[in-house]
Amino acid sequence: MTIKRPLFLAAFVLATVAFLAGLGLKPQSAYAAPVSIDCSSGSPRSIAQGTDFASADDLTLTGAGTCTLTTAATLTSLTVGTVGGDATVLTHAATDTTGVDVNATGNIMIYSGASVNVDSKGYGAATGTCAGSNAQYGAGACHGGAGGGNGSSPYGSVTQPTTLGSGGNGAGGGAIKLVA
């Protein structure tokens with residue numbers, strides 16, 4: 001006696017998978033993993049794609065602290081902070097030319113009280129492509145436009161700045177690139 005049920009079952013499974021694929025449904029492994037990082041733990045906490053989160057994850061940064069992004073990130077979504085507000089800060093290391101560079105195929109949400117802050121993360125005082133002077137009333141640094149009393153040629157884009165700012169009397173601004 002020959003049993004043909006396994007063949008029937010295999011044909012049913014294949015037909016079901018083909019039907020679901022036709023509906024645009026994906027296997028569970030194709031969905032983004034939710035990853036939550038507490039930025040208050042070891043603040044400032046360095047985070048990197050490939051170490052703390054993977055490409056295509058749904059990344060949420062929480063806690064009253066700072067997370068320093070050390071790599072560019074490709075994600076499904078990014079959330080900074082929580083509903084009700086906490087002081088979560090996303091930044092990059094000083095003079096890290098990658099800056100905060102996030103490409104999300106979904107949403108990027110920054111809740112009230114949270115921020116992406118790159119103040120003083122550019123070139124140090126009186127250094128950079130278009131540095132100002134470090135004197136009390138010296139020339140201002142330039143980036144995307146002329147600096148006060150600075151005869152150097154500006155660099156970068158005024159509408160889409162993605163390069164580090166030069167330093168004048170203090171450090172220049174960092175770089176932020178968010179694409180959603």
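Accessible areas here come from the Shrake-Rupley method with a 1.4 Å probe. For the protein chain of this predicted model, that accessible surface comes to about 10,200 Å². Carbon and sulfur atoms hold 57% of the surface. The chain has 180 residues, and 29% of them count as buried.

The secondary structure consists of 1 helix and 11 strands. Reading along the sequence, the helix comes at the start of the pattern and the strands follow, giving α-β-β-β-β-β-β-β-β-β-β-β. Contacts can also be sorted by how far apart the partners are in sequence. Among contacts in the chain with a separation of 6 or more, 55% are between residues 24 or more positions apart.

The strands can be followed through their pairings. Strand 1 covers residues 34–38, and its side chains alternate between two faces. Val-35 and Ile-37 point to one face and are buried, whereas Pro-34, Ser-36 and Asp-38 point to the other face and are not buried. Strand 1 pairs with strand 3 in the parallel sense, over 5 bridges. Within this pairing, Val-35 has Leu-59 of strand 3 as its bridge partner.

Strand 3 also runs parallel to strand 6, and 4 bridges join the two. Here Leu-61 is matched with Val-80 in strand 6. Strand 6, residues 77–80, has buried side chains on both sides: Ser-77 and Thr-79 point one way, Leu-78 and Val-80 point the other way, and all are buried. From strand 6 the pairing continues to strand 9, residues 108–110, again in parallel and with 3 bridges. Val-80 appears here too, with Ile-110 of strand 9 as its bridge partner.

Another set of pairings starts from strand 2. Strand 2 and strand 4 run parallel and are joined by 3 bridges, strand 4 being residues 66–69. Arg-45 stands opposite Cys-67 of strand 4. Strand 4 is in turn joined to strand 7, residues 89–91, by 3 bridges, and these two strands also run parallel. The bridge partner of Thr-68 in strand 7 is Thr-91.

The next subject is empty space inside the model. Rolling a probe the size of a water molecule over the atoms shows where such space is left. How many cavities of 30 Å³ or more are there? The count comes to 1 cavity. The largest cavity holds about 40 Å³ of space. Its lining is made up of Ile-47, Leu-59, Leu-61, Leu-69, Ala-73, Leu-75, Leu-78, Leu-90 and Val-102. By residue class, the lining has 9 nonpolar residues, no polar ones and no charged ones. Strand 3 (58–62) and strand 5 (73–75) each supply at least two residues of this lining. Some lining residues have already appeared in the pairings: Leu-59 is the bridge partner of Val-35, and Leu-61 is the bridge partner of Val-80. Leu-78, another lining residue, is among the buried residues of strand 6.

Val-116 gives a view of the later part of the chain. This residue sits in strand 10, residues 115–116. Is Val-116 buried or exposed? Its relative accessibility is 18%, so Val-116 counts as buried, the cut-off for buried being under 20%. Apart from neighbours within four places in sequence, Val-116 is in contact with Leu-90, Val-100, Ile-110 and Ile-176. Of these, Leu-90 also lines the largest cavity, and Ile-110 is the bridge partner of Val-80. The C-alpha atoms of Val-116 and Thr-88 are 8.6 Å apart, although 28 residues separate the two along the chain.

Three features of the backbone fall in loops. In the loop between strand 1 and strand 2 (45–47) is Pro-44. The peptide bond from Ser-43 to Pro-44 is cis, with omega near 0 degrees. In the loop between strand 2 and strand 3 is Ala-56, which has a positive phi of about 80 degrees although it is not a glycine. Ala-56 counts as partly exposed because its relative accessibility is 36%. Ser-120, in the loop between strand 10 and strand 11 (176–179), is not a glycine either and has a positive phi of about 60 degrees. With a relative accessibility of 46%, Ser-120 counts as partly exposed.

Note on methods
Residues are numbered from 1 along each chain as its sequence is written. This is a predicted model: local features need pLDDT of at least 70, side-chain atom pairs count only at pLDDT 80 or more; totals for chains, interfaces and linings use all residues. Side-chain values use heavy atoms; hydrogens and water are left out. On a 1 Å grid over the protein atoms alone, a cavity is a set of points where a 1.4 Å probe fits but cannot get out, and a pocket is an open set with protein on both sides within 12 Å along at least five of seven lines; lining residues have an atom within 4 Å of a point. Grid points are joined across faces, edges and corners, and a volume is the space filled by probe spheres set on the points. Helices (H or I, at least four residues) and strands (E, at least two) are DSSP runs, numbered from the N terminus. Ala, Val, Leu, Ile, Met, Phe, Trp, Tyr, Cys and Pro count as nonpolar, Asp, Glu, Lys and Arg as charged, and the others, Gly among them, as polar. Buried means under 20% relative accessible area, exposed over 50%, partly exposed in between (1.4 Å probe, protein chains only). Contact means heavy atoms within 4.5 Å. Two strands pair if DSSP finds at least two bridges between them.
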